Amino acid sequence: MNLYSKYMEIAPSFLYGLLCFSAILVWTLVAILTLPLWLLFRVFKWSQGVIISYYKLGRILASNDVPFLHETEINRNYINGLFVLEGVIGLDDLRKLILSRVVQNSEEPSYARMRKRVVKQYWRYVWVDEQDFDIKKHVFKYDGIAPRSEDELQQVLSEQFSSAMCDDISPWEIIVTPMDMPGKDQTAICMRIHHTIGDAFALIGLFCRLMDKKPELLRVKKPVTTPCDKQKQVWKTILSGPLALLSVALSTADNPFPAKKLSGEKRFSWTKPIDLELVKEIKTKTGTTVNDVLSTCLAGSLRRYLSSEGIKENPTDIQIAVTINTRPLKVLSKDNIPLENHSTGLLYSLPVSMADPLKRLRETKRRMDNLKSSSDWRIFGFVYSHIVGRLPEFIGRFSSFSLNRHCSLILSNVPGPLSPFEINGKEVVTAIAWPPLISDTGMAITVFSYAGTLRMNVLSDKAVLSNPAKLTEKFVEEFEEMYKCVKNGPVLAPDGSATKRKYF
């Protein structure tokens, strides 16, 4: 747990206000000292842009895309996905569908990214057209032995997605993998797309475009804010945000999954489908949210895993990074979400130290409520999207890779479609996704809902977690125990103990 989370919540009001004022002074001093260098660097960047534009060398990447290029050769920032279809789909048919519905789609201009690759021109990242675009380089058939079980399919994913992708094509590929499951006729579509093309919400929109008919999506409801509320939020960010940044910059977090160097070998696992109605039953009876319930189960599964493996008998709380979508409601309500990156992250301390699942659920809700009422996501989102991508390359990379000092894993909760996908008349029975191991963080976990079910999916580096299936098994065990406790116990009302600072 970082200094900010551990001490600032319980700090007296006067002390907290004094610390906020001190942090503003510190950052103001830093800004004054670095302003001349910053202005010179901005003039240099402007001249680079003029040259690139004049000679038509490409389109410069947006600042919120650049941080995802802060990566290593053995750990590229690919978003990985898996679709399992009932029946067999022809390779040529799939290529034609992808070409007509996505790659050559002129209705959404941002889909042009699917025909472009990223190169450096005059020390700037730019989009350039893929020379002689060939769909066969992006969509191809797996040439190995057809997997006969989920374990073998996980091994196929590990082998295919641990290998490098060709640098002279747009950074995405789809591998059609026929399966030889007993009594089933299925095809697995394995894909990976670089994060510079778009984030999870954007890719959900892209997948929907690929389907025969648009599936029903969960409409994200955000609270309606008045101009007065917006002004309060802005002032809260200005006053308390600098302290949050300074506290995180000066702290580190304990990591029970340390690795001095990643191996580059990816490991994949996922749980069996969990009925979403059971999750909703728990959240209704306990007065919590779906996110609260799933985060509590994750904390419990980590506790079970660490104890069973003998890593820690009494595990302490674990700090993680939680991804957050920052798109406005008017964008999320559109039929087509552009391919772009509009997400940020928050540091969150999972209550792994608590053994009782219901007490852990209450504590999870309290901490989540504190995060929702804070300004942290605004200040961190602003820095990640608008500052890091505009810094000199070596400073930007240092800032990005500092994430692995502050968290043990990355958690992404993505609401998928409410109705099943269908491709070329074939129903998609399984849909799974994994975020990349950003900033060399050794583990990434996704909770992805699909057609009334959800799965907890783990992507890890072999040097950090060689067998993630053990963790997914513990997640299912934890969920089943929590459901049993809630079903057999009394209705639990929220205790309303979230710490809120009235003056901010």
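Visitor: What makes you say that β1 and strand β4 (residues 124-129) pair?

Guide: Two bridges join β1 and β4 in the antiparallel sense. Strands pair if DSSP finds at least two bridges between them, so β1 and β4 qualify. One bridge puts R59 opposite its partner W127 in β4. Before we go on: this is a predicted model, where local features need pLDDT of at least 70 and side-chain atom pairs count only at pLDDT 80 or more, while totals for chains, interfaces and linings use all residues. Residues are numbered from 1 along each chain as its sequence is written, and side-chain values use heavy atoms, with hydrogens and water left out.

Visitor: Which strands are at the edges of the sheet that holds β1?

Guide: The sheet is open, with three strands in the order β1-β4-β3 and antiparallel pairing. Its edge strands are β1 and β3 (116-121), because each pairs on one side only. The names come from DSSP runs numbered from the N terminus: strands are E with at least two residues, helices H or I with at least four. Helix α2 (residues 13-54) lies across β1, β3 and β4. Contact here means heavy atoms within 4.5 Å. Helix α2 runs at about 15° to β4, on a scale from 0 to 180 degrees between N-to-C directions, with axes fitted to C-alpha atoms (for helices, over the stretch in contact).

Visitor: How do you know that β2 and strand β14 (residues 426-434) pair?

Guide: Six bridges join these antiparallel strands. They include G81 with A433 and L85 with V428. On the other pairing, β13 (residues 422-423) and β14 also run antiparallel, with two bridges, and I423 stands opposite K426. Two residues separate the strands of that hairpin, and N424 takes a positive phi near 50° there.

Visitor: What is the order of the open sheet of six strands?

Guide: It goes β5-β6-β7-β2-β14-β13, with mixed pairing. The edges are β5 (139-141) and β13, each pairing on one side only. Helix α3 (residues 91-103) lies across β5, β6, β7 (186-194) and β13, at about 165° to β5.

Visitor: Why are F68 and Y384 called an edge-to-face pair?

Guide: Rings of Phe, Tyr and Trp (its six-membered ring) pair if their centres lie within 6.5 Å; planes under 30 degrees apart count as stacked, over 60 as edge-to-face and the rest as tilted. F68 and Y384 sit 5.9 Å centre to centre with 75° between the planes, so they meet both cut-offs. The pair links distant parts of the chain: F68 is in the loop between β1 (59-60) and β2 (78-86), while Y384 is in helix α11 (residues 376-387), 316 residues apart. A search of the whole structure finds eleven aromatic pairs. Ring pairs also link F83, F207, F421 and Y450 into a cluster.

Visitor: Are F68 and Y384 buried or partly exposed?

Guide: Buried means under 20% relative accessible area, exposed over 50%, and partly exposed in between (1.4 Å probe, protein chains only). F68 has 4%, so it counts as buried. Y384 has 21%, so it is partly exposed.

Visitor: What makes you say that the charged end of R192 sits over the ring of Y78?

Guide: The rule asks for NZ of Lys or CZ of Arg within 6 Å of the ring centre and within 35 degrees of the ring normal. R192 is 5.1 Å from the centre of the Y78 ring.

Visitor: How do you know that S170 is buried?

Guide: Its relative accessible area is 0%, so S170 is buried. S170 sits in the loop between α4 (150-161) and β6 (172-178). Leaving out residues up to four places away in sequence, S170 touches several residues, among them R113, M114, E130, H138 and I197. The S170 side chain reaches the backbone oxygen of R113 at 3.2 Å. That fits a polar contact, a pair of N or O atoms within 3.5 Å (within protein, one must be able to donate a hydrogen and the other to accept it, and residues adjacent in sequence count only if both atoms are side-chain atoms).

Visitor: What makes the phi of Y122 worth pointing out?

Guide: Most residues other than glycine have a negative phi. Y122 is not a glycine, yet its phi is positive, about 50°. Y122 lies in the loop between β3 and β4, and at 40% relative accessible area Y122 is partly exposed. D440 also has a positive phi, near 60°. D440 is in the loop between β14 and β15 (443-450), and its 24% makes it partly exposed.
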